[in-house]
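In this notebook I record what I looked up about a protein and the DNA beside it. The entries follow the order in which I worked.

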Number of protein chains: 2
Amino acid sequence: MTILTHLKNSLPSLSKAEFRIAEAILIDPEAAVNITTARLARLAEVSDPMISRFCHTLGCSSFPDFKVQLAKSLASNTFFISEAVSPGDDASLYIEKRINANQAALEYLRGKLQPEVIEQAVQLLSQSKRIEIFGMGGSAAIAHDAQHKLFRLGIPTVAYEDHLMQRMSAAAANEGTTVLLFSFTGRTQSMIEVARIAKESKASLIAITSPNSPLAAVADVTITSGDELEDTTLYVPMTTRIIILTIIDILVTGMALAQGPEIDVRLKKIKHSLDATKVN
Amino acid sequence: MTILTHLKNSLPSLSKAEFRIAEAILIDPEAAVNITTARLARLAEVSDPMISRFCHTLGCSSFPDFKVQLAKSLASNTFFISEAVSPGDDASLYIEKRINANQAALEYLRGKLQPEVIEQAVQLLSQSKRIEIFGMGGSAAIAHDAQHKLFRLGIPTVAYEDHLMQRMSAAAANEGTTVLLFSFTGRTQSMIEVARIAKESKASLIAITSPNSPLAAVADVTITSGDELEDTTLYVPMTTRIIILTIIDILVTGMALAQGPEIDVRLKKIKHSLDATKVN
DNA sequence: TCCTATTTGTAATTTAATTAAATACTGGGC
DNA sequence: GCCCAGTATTTAATTAAATTACAAATAGGA
């Protein structure tokens, strides 16, 4: 964890003087990086030694050490500042902005993903006799993409974007089935219905959706779709997609690791099955 | 420019003692961040004041200031170091690694994308009477995803993953048609064939594929798919997908900007068309 | 209300960094 | 080859910064 987050987190547990120091730093962290104990002490209206003590409380070995950590922490944050595209931006500018936005989205994901939840999902998927993937609208392409990655791991996997197919598939599911649901909002009526049907069939449900949504309530495991993050400027879910793709990436990675080295043979065979379709 | 690159760049212009200091720092920059002038001076076998002067030469106001800059510079670099997943990694570790890999991929894209090429592609797409998107195998989902984003901008857009449909569509194309081709390698025979047919029909061809591939040779505009970047460890194109998604994101952004504010109305209408399917 | 424990401040000390002056190089001219 | 000018570097001294040790104050509990 970066020192800045650590600082924010430990705010409640700080003493009066320490709290004032923390405040003084948080007002302008950039400036704090080049300040001396004396000047910071004057800013926070505390005595010099309090600064030293404050740093030790935060686990730094000295005030200079704290400044270094703070600098690191600022560098990694400012890197991911994402600014909205605005009319008049030229190509090189909106390219930068969109790449920044997507990197920031991944950074957001880093903070949100809970390893335990991923582990749970990986375990469910790995133990499945078959996997059914459902996605509609913007999530349909994602569902197919996930199918394309998962079938390689040797578990029978299908993706459906058609609500009727989804219903039938959900009804036909059983204990060995894991249903993977993609829905940005988690509020699409038909998706929730399908989830309920799958649940009644005793299938395991993994939802990549908005937490606190009705869909999340039905699922056994919920992974955030980053729905709350979406920049609404263009009304097309873009950064969210990057997040979901990366979640799929992570799940597949986890499953591949769980299977061990024998997976390599299968993956190689699949890859080489396309050789005949290529020209050199 | 970050201080670390600056340091490397100015190596040739440094004096003997300064060069030794620079070396000592570059051997282990992480350690240099927490060192004192005295200790660094001993390491570099120079006197203490040389350290101060060295910092001034580099444009820093003091040695502590230099350390802070160095810390920042390290933080932003190590951020994009991507390490391969290895057996035995636990969930929190492979999550970090995959997110890093994807962020690094985007960083790579930042260096590779040429604004002029994007501008050209955006212009071609914006002026099209219709857009046909082709992708097979792993690119099929991407093609559909692109279709889902592009149709919103008001230009008739379809995606085909079926080679026969692609051939027919390519044959039916004309001057007003832009064909968007997704192919990781650019060496799939049937894709190249389809591209040639589209070309004969006088359609404009944009290929998101490997540069220097046969497919790239046929296309009017080629954007790199990041094919050369792929980590082959797991034989599933993952980071490449993030790159391509981001390219689509950028193209759509460019098109939306080109259309101006009237696009907002359409996007809002499309968004609200789904309202009736949601529960609250 | 008093006592103890914790928090904060003051003064002294230690440590670190820089300045100023002196010395040692280096290369060009004789 | 030797001397001189200019630069590079060091030693010693100074200044600045951070921390320690100790004292005072404040807050909570009996």
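**Notebook: protein and DNA**

I began with a phosphate oxygen of DNA strand D, which is 2.5 Å from an N or O atom in the side chain of B:Ser15. I call this a polar contact, meaning a pair of N or O atoms within 3.5 Å; within protein, one must be able to donate a hydrogen and the other to accept it, and residues adjacent in sequence count only if both atoms are side-chain atoms.

I noted the conventions: this is a predicted model, in which local features need pLDDT of at least 70, side-chain atom pairs count only at pLDDT 80 or more, and totals for chains, interfaces and linings use all residues. Residues are numbered from 1 along each chain as its sequence is written, chains are lettered from A and ligands numbered from 1 in the order in which they are written, and side-chain values use heavy atoms, with hydrogens and water left out.

**Entry: DNA strand D**

I looked up the residues near DNA strand D (one heavy atom within 4 Å of it). There are 17 of them, and the closest are A:Thr37, A:Ser52, B:Ser15, B:Ala17 and B:Arg53. Of the strand's atoms that come within 4 Å of the protein, sugar and phosphate account for 57%.

I found two further phosphate contacts. A polar backbone atom of A:Thr37 is 2.5 Å from a phosphate oxygen of DNA strand D, and a polar backbone atom of B:Ser47 is 3.0 Å from a phosphate oxygen of this strand.

I then asked which helices (DSSP runs of H or I, at least four residues, numbered from the N terminus) supply this surface. Helix 5 (48-57) and helix 6 (63-78) of chain A, with helix 2 (16-27) and helix 5 (48-57) of chain B, each supply at least two residues.

I sorted residues by class: Ala, Val, Leu, Ile, Met, Phe, Trp, Tyr, Cys and Pro count as nonpolar, Asp, Glu, Lys and Arg as charged, and the others, Gly among them, as polar. The surface near DNA strand D divides into seven nonpolar, six polar and four charged residues.

**Entry: DNA strand C**

I counted 16 residues around DNA strand C, the closest being A:Ser15, A:Ala17, A:Arg53, B:Thr37 and B:Ser52. Sugar and phosphate make up 53% of the strand's atoms that come within 4 Å of the protein.

What does the side chain of A:Arg53 approach with an N or O atom? The partner is a base nitrogen of DNA strand C, at 3.2 Å. A polar side-chain atom of A:Ser15 lies 2.3 Å from a phosphate oxygen of DNA strand C, and a polar backbone atom of B:Thr37 is 2.6 Å from a phosphate oxygen of the strand.

Helix 5 of chain A gives the largest share of this surface, three residues. By class, I recorded six nonpolar, six polar and four charged residues near DNA strand C.

**Entry: an aromatic pair**

I looked up aromatic pairs (rings of Phe, Tyr and Trp, its six-membered ring, with centres within 6.5 Å; planes under 30 degrees apart are stacked, over 60 edge-to-face, the rest tilted). The count comes to six over all chains. A:Phe54 and A:Phe66 form an edge-to-face pair, 6.1 Å centre to centre with 75° between the planes. A:Phe54 lies in helix 5 of chain A and A:Phe66 in helix 6 of chain A, so the pair ties together parts twelve residues apart in sequence.
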